[in-house]
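Hi,

Here is the structure I promised to pass on. Have a look at it first, and then read on for my notes.

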Amino acid sequence: MHIDLKQCEHIQKEAALELARIASREALEQLRLKYFGRKEGALTAVLRSLKDLSEEEKKTIGRAAHETKLYLEDALAKKEQALIEAELHDQQRKEKIDVTAPGTRVLEGHLHPLTQLIAKACDIFTAMGFAVVEGPEAETERYNFDALNVPKDHPARDMQDTFWLEAPGMLLRTQTSSVQIRYMETHQPPFRIVAPGRVFRNEATDATHEAQFYQLEGLMVGKDVSLANAKAVLEVFFQRLLANKKIAVRFRPSYFPFTEPSVEVDVTCFKCFGKKCAVCKRTGWLEVAGAGMVHPTVLANVGIDAREWQGFAFGVGLDRIAMVRYGIDDIRLMYGGDMRFLKQF
Ligand code: DAH
């Protein structure tokens with residue numbers, strides 16, 4: 001190959017034009033290969049053929065070729081630098097955070113209405129010196145019935161339509177009263193406890209009956225704890241729970257195997273506040289709990305001396321309270337897991 005000055009000039013001009021059009025580092029690398037590639041590089045070929053020139057030509061053409069090389073190296077380096085900076089700038093622009101842009105709303109969940117009610121109830125009892133305790137949902141016949149003085153053939157066992165488990169003597173607890181026994185077995189009086197939890201009954205379901213529901217058990221034992229104390233405690237509880245000081249509690253005689261005497265507990269209807277409505281069946285009262293003085297036999301069953309200690313117990317049904325309070329007319333909604341329902345609370 002014979003070269004002349006024009007060729008060097010041509011390479012410079014062409015390279016300058018091409019460089020101006022290049023927008024990526026890959027393209028720049030292609031261009032570098034086009035001129036400096038070991039095999040095919042246009043400038044490489046020029047530099048290689050310098051050795052075939054006469055001494056005279058080497059001076060002029062050699063210098064021109066060398067200058068072209070320097071020029072190209074410099075132009076490529078500058079272009080590369082410019083491309084790197086552009087890339088960086090681009091990246092910064094993309095990653096820029098607009099602090100004034102409206103945020104994406106964080107989806108906020110909340111507790112189930114029954115869970116909210118239980119938490120509130122526990123707060124109120126804790127403030128009155130009660131400890132919150134829990135017991136298992138899969139329970140033994142002894143804790144659920146026997147130790148609570150429910151005779152083997154007593155209709156209460158049928159009344160509460162028990163779900164029996166396959167393991168002998170095991171059942172799904174029908175009442176949280178079982179927790180009373182568990183607690184008294186391991187603690188000495190005096191004490192005050194509440195035990196919220198789920199209970200199960202095998203009965204036909206409808207708008208007011210479910211196979212599962214929640215109770216809150218209460219137990220207070222001391223030297224001279226009376227039914228009057230039960231009334232006061234329950235009155236304070238309901239007044240605070242419903243945020244209404246006018247709520248009253250009334251006791252009606254009743255029967256439970258584990259209490260003597262036993263009572264049904266009514267509170268002022270908190271739908272109509274005593275004005276008499278459909279919810280309270282025009283009585284002005286709602287039945288919300290069972291209660292009584294702990295039966296001496298129950299105390300004896302857990303090794304507590306009934307001549308020295310006495311106390312009251314109660315069991316509040318929580319679902320009904322939640323339903324009246326939130327205006328829910330079907331208990332099955334509570335356990336259906338329907339978000340359209342749950343989102344309202
Ligand atoms: N366990 C009873 C029920 O499920 C409610 C109850 C009544 C609990 C009287 C008590 C009580 O502690 O003293 O129907």
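Which polar backbone atom lies 3.2 Å from an oxygen atom of the ligand? That backbone atom belongs to Ala 313. Taken alone, the ligand exposes 360 Å², and the protein buries 92% of that area. Before I go further, please keep in mind that this is a predicted model.

Let me stay with the ligand for a moment. The space it takes is the largest pocket. Two side chains also offer polar atoms to ligand oxygens: Glu 217 has one at 2.6 Å, while an N or O atom in the side chain of Gln 180 is 3.1 Å from a ligand oxygen. There are 15 residues around the ligand, and those that come nearest are Gln 175, Ser 177, Arg 201, Gln 215 and Glu 217. Sorted by class, the shell has eight polar, five nonpolar and two charged residues. Four elements supply at least two shell residues each: helix H8 (177–186) and strands S6 (212–222), S9 (285–294) and S10 (310–317).

Now to the sheets. Strands S6, S10 and S9 turn up again in an open sheet of seven strands, ordered S1-S5-S6-S10-S9-S8-S7, with mixed pairing. Its edges are strand S1 (131–132) and strand S7 (249–256); each has a single partner strand, so one side of each is left without a neighbour in the sheet. At the S7 end, seven bridges join this strand to S8 (residues 259–268), and the two run antiparallel. If you want a spot to look at there, Pro 253 stands opposite Val 263 in S8.

A second open sheet has three strands in the order S2-S4-S3, and its pairing is antiparallel. Here strand S2 (138–140) and strand S3 (163–164) stand at the edges, and because each has a single partner strand, one side of each lacks a neighbour in the sheet. Two bridges join S3 to the antiparallel strand S4 (residues 170–172). Across that pair, Phe 163 stands opposite Leu 172 in S4.

Finally, some backbone details that you may like to check by eye. Most residues other than glycine have a negative phi, and most peptide bonds are trans. Against that background, these three places caught my attention:

- Pro 189 to Pro 190: the peptide bond is cis, with omega near 5 degrees. Pro 190 is found in the loop between H8 and strand S5 (191–200), and H8 is one of the elements that supply residues to the ligand shell.
- Glu 260 to Pro 261: this peptide bond is also cis, with omega about -5 degrees. Pro 261 lies in strand S8, the strand that is joined to S7 by seven bridges.
- Ala 243: phi is near 50 degrees, a positive value in a residue other than glycine. Ala 243 is found in the loop between helix H9 (227–241) and S7, and S7 is one of the edge strands of the seven-stranded sheet.

Over to you, and happy browsing!

Best wishes

Note on methods
Residues numbered from 1 in each chain as written. Predicted model: local features only at pLDDT ≥ 70, side-chain atom pairs only at ≥ 80, totals over all residues. Heavy atoms only, no water. Near = heavy atom within 4 Å. Polar contact = N/O pair within 3.5 Å; in protein donor to acceptor, adjacent residues only side chain to side chain. Areas by Shrake-Rupley, 256 points an atom, 1.4 Å probe, with all protein chains shown as cover. 1 Å grid on protein atoms, 1.4 Å probe; cavity = no way out; pocket = protein on both sides within 12 Å on 5 of 7 lines; lining within 4 Å. Sits in = over half its atoms within 2 Å of the grid points. Nonpolar A, V, L, I, M, F, W, Y, C, P; charged D, E, K, R; others polar. Pairing = 2+ DSSP bridges.
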